[in-house]
Structures are given as C-alpha cells and as structure tokens.
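Open the model in your viewer and keep the selection panel at hand. We will go from the whole chain to its pockets, then to one loop residue.

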Amino acid sequence: MNRWKPLIALGAAQFLVVLDTSVMNVSISQLVTDFDTTVTAIQAVITVYTLVMAAFLITGGKVGDLLGRRRTFGIGLVIYGVGSALTAIAPTLGVLVLGWSIIEGLGGALVLPALAALVGGNYTGRDRAIAYGVIGGLAGAGIAVGPLLGGWVTTYLTWRLVFAGEVVVVIAVLAVLGWIKEVPATGPRRGFDVVGAALSVVGLALVVLGVLQSSTWGWLQPRNSPITILGFSLTPFVIAAGLVVLALFRGWQRHREAQGRDPLVRWELFDIPPLRSSLYTLTAQNLILLGLFFTIPLYLQVVQGLNAFETGLRLLPVSITMLLTSMSAPALGRIASPRQVVRVGLVVLFVATLWLTAAVRPELDDVSFGFAMAVLGIGMGLLAGQLGNVAQSSVGEADRSEVGGLQYTAQNLGSSLGTALIGSILITALTAAVKAGIAADPRISDAVRAQVGIALDAGISFVSTDQVRAALTAAQVPPAEVDALVSAYAEAQLQGLKVALLAAAGIALLSFFATRGLPTTRPLAPEPPDTTPSQPVTTPARGQDQSL
C-alpha cells in the first residue's frame, strides 16, 4: 500500500484541477443568472481558464526544473487554493475571472507539469503504466463527475461550495506532500528563457482569442467586429497574428539552441515520433471532450429545461465508463499496442458523437442518450489510459518535467480550443439556421424579418425559447409572428447543436492522422528502476520505452 501513497496525493491534485471546468459547464445557466450575463460570457470565462493554463504550462515545467518538482507542485497548490477561495466568494463576473480563470489557471500551470514528472519519477515499469492509467482515469472522472457533484450542489445549495471544498482538498494534499518522493532535475542546470515564455504566451493567447471571438465578430464576414480590415472581420487577422508570434517563438528557440543557450522548449523533442503523436492526439482528445461538455449541457439545460443536478445525472455514464476503461490500460497493453488502442478509441469517439447527434431531438430519449454517453466514455477512456504514459515514457528522467509541460499544454490548448471552437460553430450554425427559418416562413412579415435580422447581426446567444418569446412579446411583435419566430428558433437550436456535434465527430476522424507515430509494439516486461542519468534526448530517448 505504501508504494501507492504518492499516487493518492498526486491523483487528488489531478482530479481537483480538472474538476473545475466540468463544474462550470454544468452550472452555466446558474452562472448566467447569478452574474446577470450571457452564455457567451461564461464561455469566455471557461476558455480563459484553460487558456491561462495552456499558455503558462511550458513555463511551469521550466519552473519545476529550476525549483524542484515537489516544491513547485506545492507552490502551485497554494496558488490554486487562493484562487479557489476567491472564486467561492466572487461578487462579480470580473472577480470570478480573476479568481478562477487567472489565479487558479496559474496554479494549475505549476501543478500539472510537476505532477507528470513526479508520477514518472515515483514509479517505474508496470507500476508507471498503472499510475498513468489511474491519473488518466481520475482526469476523466474529474471532468465527468464534476457535472454530477456540481449539479447537485448548484441545484440544492450553491456552486460556490464546490470551490470552498477545493480549498479543503488543497490543504489535505499539502499535509501529505511528504508522501511524494522528490524527483530532482538531472543534468546541467538550465536557464530561464524569458523572451520565449512571453512569445509562447502571447501567441497561444491570440490564437484562442481569435477563435473565441469568431462567434461574435464573424469568421470572415464582419458581424459585430470592433474594426474591419479589407472588408473582413478581425477574427482571421487575430488568429494569423497569433500564428506569426508562434512562428517567431519557434525561431527564437532555434536561435537560443544555436547559441548554446537553454530554450524554453527544446525543439528536438518534437523529433521523437511517440511524443509528437501523443501531443497531437491529446490536443484533439481534449478539444472534442471539452467541446462536447460545453455543448451537451446547453442541450440538456436550455433546450430540455433540466436543472444542474438532472444534467449531471445524464452525464454520469461518461464518468463510469471513462474511469473503468482508462484503468484497464495495463490489461489492454498486454493484447494490443498503444497505437491500436488509441485508434480504436478514436473510432469509438466518432461513433458515440454521431449517436449523440442523432439523440438531439425535441424530446429527450434518456435510454438512447445514456447509452451514447456511455460509449463516449469508453472512447475517451481508451485514449486517456494510453497517451500520458506514451508521452512520459518516450523520454528520459531529465526531460519528464519539460514533457509534462508540453503534455498538459496540449491538453489545455485542446480544452481552450474545444470550448471556443465548438461553441463558435454552435453559435454560427444557430444564427444561420434562424435566418434561414425566418426567411422561409410566410407567417413572418418583412418588417419583423428585417428587425430580427438586425438583432441577429448584432449577436445572438443560446437562450431558452421562453426567453425568446418574452423578448419578442416585450418588443410588441404580433402573437402569430411570435409563435412563428419561436418555432424557427427552437428548430435552429437543434440544428446548431447537431452541427457542433458533427464538427466534433469530424475532428475525431481527422485525428487518425496524428496517431502514426505512436508505438506499434506491446509492452515489455517491467523495467528495473532507472538509476542512471538521462541521456540526451536525440537518439537514446527515441528508443526508450517506446514499446511501453
């Protein structure tokens, strides 16, 4: 039992960090009411949380190399606890952004890379594969149990209690920090690349900001863009600026390497096929998962009128099947290679997402919806149980913290893009469907059609049909036309949701191309403890543990 004590502490931290987003997703309707805001604003709050982590995780991994992984893990937990406490008492949306999106995000950026390195350093061989399977399962459980826990607390008490409880968990983990063996960085002490850190943060932030704002500004044709450039909305230019900054970041890293100075990220790591493929697939997995966990609660709460707890119950099958499947990773490794398992997982994800698309109907079919969610959890569990171990086992001990930063950057970048991109696709499809619906309905007069078109161009939010009816009645639209407009909006909601889910299914299918570098052989016998210094990452690291 003593050998698993470090995993208890590390697993609790992993569960805690990923719990937040799922709690927020299931509490969207209540947050909109409490802060008198819109779904789009809460979408931005969720996106900023994962974006802050994505932008600072590489830097967080470097801090772990400089200060020590366990110490960095503890410092990150303290910052995370402070953010949780501030979130629990947040009186305004701005304070919520500060406490949750920024402070907790920064704490998570320190915790996660150190956590990945500490898991790899505290376990070897078969135990390491089991440990990463457990961590992957707890990550999935945090994402999926969050709706049930957060839904119950939100419905019957208040969502704020979840964050107050997180402070208690942080204190408990800090109390048993001694269970975790320190994993010091090996090799020469590395410097800190300030310019590289700034470029990576700005580049990632601009890309995600552009995707997030696309639902408001428009992708190309300007809708509510603050400025237009050559007749286009600001969106493509913001995204392009982010890509340019990221290209400068890569060039700067190469420049520092050529000068013999330590870069923020050694680009040679991306020459390791298993690591490169696992990072791409992790990004896609989290893009799909968080995109679905933003979309599905809207269907259940806004369209079906369920409360947060009822929503959490409908998401429970994901929690069960994802946890069980990810925990079975070592057993699956005896009969199939990581590439085979991940590819099967992507196929299962594709099928489950198509099933969910078919399940989006005016009346909820609990049986069909529940089975679709269970299948979705199996697909996510197959990926979660493999990819973390592949990433960490593809390098030596000296590189685990840096790879941990890359690993969690990929996950949180996927989460940010998932909430922003799938949310944007949903709103864009909703707008187009509403316009098409009112244009084809002869019951709607030209004057009302023009008035609604102006309102749509100014921006649309995903709200209930009751809210739409109330707004139209207040605007003194004739009752017959109100009925027609509400009917068109209800149909557009379902169409928008289906388009968003189909986009997630398409991403799962395209992710097949990212799996080519994953290991194709089954695990070897458990390896002996690694007591030698890690070799340079170029040739030896490519062969190390690739078979898993």
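What percentage of the 548 residues in the chain is buried? Buried residues make up 57%. Keep in mind that this is a predicted model.

**Whole chain**

Start with a cartoon view. The chain has 19 helices and zero strands. Its radius of gyration is 23 Å, close to the 24 Å that the globule rule gives for 548 residues, so the chain is as compact as a globular protein of that length. Turn the C-alpha trace along its principal axes: it spans about 80 × 50 × 45 Å.

Now switch on the surface. About 20,500 Å² is exposed by the chain, and carbon and sulfur atoms supply 67% of that area. Contacts come next. Among those with a separation of 6 or more, 83% join residues 24 or more positions apart.

**Largest pocket**

Select L204, L246, F270, Y280 and L413. Of the 22 residues lining the largest pocket, these are the closest to its centre. The space in this pocket is about 680 Å³. Colour α8 (194–217), α9 (235–258), α10 (273–303) and α15 (400–440): these are the elements that give two or more residues to the lining. Then colour the lining by class. You should find 17 nonpolar, three polar and two charged residues.

**Second largest pocket**

Move on to the second largest pocket, with about 520 Å³ of space. Select V452, A455, V468, A471 and L472, the closest to its centre of the 21 residues that line it. At least two lining residues come from each of α15, α16 (446–458), α17 (465–474) and α18 (479–510). Which element gives the most to this lining? It is α16, with five residues. By class, the lining has 15 nonpolar and six polar residues, and no charged ones. Note that α15 serves the largest pocket as well as the second largest.

**A loop residue**

Finish at L234. Find it in the loop between α8 and α9. Is L234 buried or exposed? L234 counts as buried because its relative accessibility is 14%, and the cut-off for buried is under 20%.

Show what surrounds it. Beyond its neighbours within four places in sequence, L234 is in contact with W217, S225, P226, I227 and I229. Last, draw a C-alpha to C-alpha distance from L234 to G210. It reads 8.0 Å, for two residues 24 apart in sequence.

Technical notes:
Residues numbered from 1 in each chain as written. Predicted model: local features only at pLDDT ≥ 70, side-chain atom pairs only at ≥ 80, totals over all residues. Heavy atoms only, no water. 1 Å grid on protein atoms, 1.4 Å probe; cavity = no way out; pocket = protein on both sides within 12 Å on 5 of 7 lines; lining within 4 Å. Points joined across faces, edges and corners; volume = space filled by probe spheres on them. Helix = DSSP H or I, 4+ residues; strand = E, 2+ residues; numbered from the N terminus. Nonpolar A, V, L, I, M, F, W, Y, C, P; charged D, E, K, R; others polar. Buried < 20%, exposed > 50% of the residue type's maximum accessible area, 1.4 Å probe, protein only. Contact = heavy atoms within 4.5 Å. Rg over C-alpha atoms; globule rule 2.2 N^0.38 Å. Areas by Shrake-Rupley, 256 points an atom, 1.4 Å probe, with all protein chains shown as cover.
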